[in-house]
Amino acid sequence: MDKKEISKAVINRLPRYYRYLGDLLEKDVVRISSKELSKRMKVTASQIRQDLNNFGGFGQQGYGYNVEYLHTEIGKILGLDKQYNIIIIGAGNLGQALANYADFERRGFIVKGIFDVNPRLVGLTIRGIEIRNLDNLEEFVKMNQIDIAALALPKTQAPQVALDLASWGIKGFWNFAPTDYQLPDDVIVENVHLAESLMKLSYRLSEKYKSVDN
Ligand code: NAI
């Protein structure tokens, strides 16, 4: 496969392709034309062809796409053919919600541990996973080969905890705390900010329904 740089916009669309193809697979659809896929996904057929050409195509003239094959291949591109071990740091509202969401596991993201400093939370279990204090965090990370840490702790605490985790070998951070990090270059931080998404919604609403007297 070509190792050229893939644009962020394409990468952003891949999980959506993956989800649609997964839905089609569940409905036992064997193949689909780029036109049909485009109708369902509300992306132009040429956009789909262009996106998938980044990875070598996958389609066959006059046949369309083999749904299972394309789903598997996009899954590989997204790294979903592997299993990732996750820990959640911070077992408050958000950390508990993440821990309660079983569907991540179906996609290969396995929650191995949940950590919090609050003694009232330590010892409780969420979906059978015990909330632990941070005393043996380093050992836990190494023993359980943790790949990803979900950061759901206050922004004042998050940078130091992330630095420690990175020094113990964690390479992926799924960050929810509204703060920036100074982490080694080989570490990848994926930010999820619901408030930013809401602001985008607000922008689109205000653009679409601008009052006439503005
Ligand atoms: P919360 O107050 O319910 O939970 C935070 C938990 O972190 C508490 O249980 C606390 O004991 C624990 N904690 C504090 N210091 C810690 C440390 N050093 N190590 C481990 N755990 C520690 O707060 P909530 O609502 O769950 O939010 C958590 C974080 O996520 C905050 O930074 C918040 O701003 C952020 N957040 C981000 C969202 C997003 O869309 N990105 C949405 C909601 C919250």
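A polar contact here is a pair of N or O atoms within 3.5 Å.

**View 1. Backbone atoms of Leu 94, Leu 153 and Asn 93 meet oxygen atoms of the ligand.** The model is predicted. A backbone N or O atom of Leu 94 sits 2.8 Å from a ligand oxygen. That distance falls within the 3.5 Å cut-off, so the pair counts as a polar contact. For Leu 153, a polar backbone atom is 2.8 Å from an oxygen atom of the ligand. For Asn 93, the corresponding distance is 3.0 Å, again from a polar backbone atom to a ligand oxygen. The ligand on its own has 850 Å² of accessible area, and the protein covers 74% of it.

**View 2. A shell of 23 residues surrounds the ligand.** Leu 94, Asp 116, Leu 153, Val 192 and Leu 194 come nearest. By class, 15 residues of the shell are nonpolar. Six are polar and two are charged.

**View 3. Seven strands form an open sheet with mixed pairing.** The strand order is 5-6-4-3-7-8-9. Strand 5 (125–126) and strand 9 (188–191) stand at the edges. Each has a single partner strand, so one side of each is left without a neighbour in the sheet. Strands of a sheet pair through backbone hydrogen bonds, in either a parallel or an antiparallel sense.

**View 4. Strand 3 lies between strand 4 and strand 7 in the sheet order.** Strand 3 (residues 84–89) pairs with strand 7 (residues 148–151) in the parallel sense, over four bridges. Its pairing with strand 4 (residues 109–115) is also parallel, over six bridges. Ile 89 has a partner on both sides: Leu 151 stands opposite in strand 7, and Phe 115 is its bridge partner in strand 4. Ile 87 has Ala 149 as its bridge partner in strand 7.

**View 5. Both faces of strand 3 are buried.** Six of the six residues of strand 3 are buried. Tyr 84, Ile 86 and Ile 88 point one way from the strand. Asn 85, Ile 87 and Ile 89 point the other way. Ile 87 and Ile 89, which have bridge partners in strand 7, are therefore among the residues under 20% relative accessible area.

**View 6. The protein chain is divided into two domains.** Domain 1 spans 8–77, and domain 2 spans 84–196. The C-alpha centres of domain 1 and domain 2 lie 32 Å apart.

Technical notes:
Residues numbered from 1 in each chain as written. Predicted model: local features only at pLDDT ≥ 70, side-chain atom pairs only at ≥ 80, totals over all residues. Heavy atoms only, no water. Domains from an automatic or database assignment. Near = heavy atom within 4 Å. Polar contact = N/O pair within 3.5 Å; in protein donor to acceptor, adjacent residues only side chain to side chain. Areas by Shrake-Rupley, 256 points an atom, 1.4 Å probe, with all protein chains shown as cover. Nonpolar A, V, L, I, M, F, W, Y, C, P; charged D, E, K, R; others polar. Pairing = 2+ DSSP bridges. Helix = DSSP H or I, 4+ residues; strand = E, 2+ residues; numbered from the N terminus. Buried < 20%, exposed > 50% of the residue type's maximum accessible area, 1.4 Å probe, protein only.
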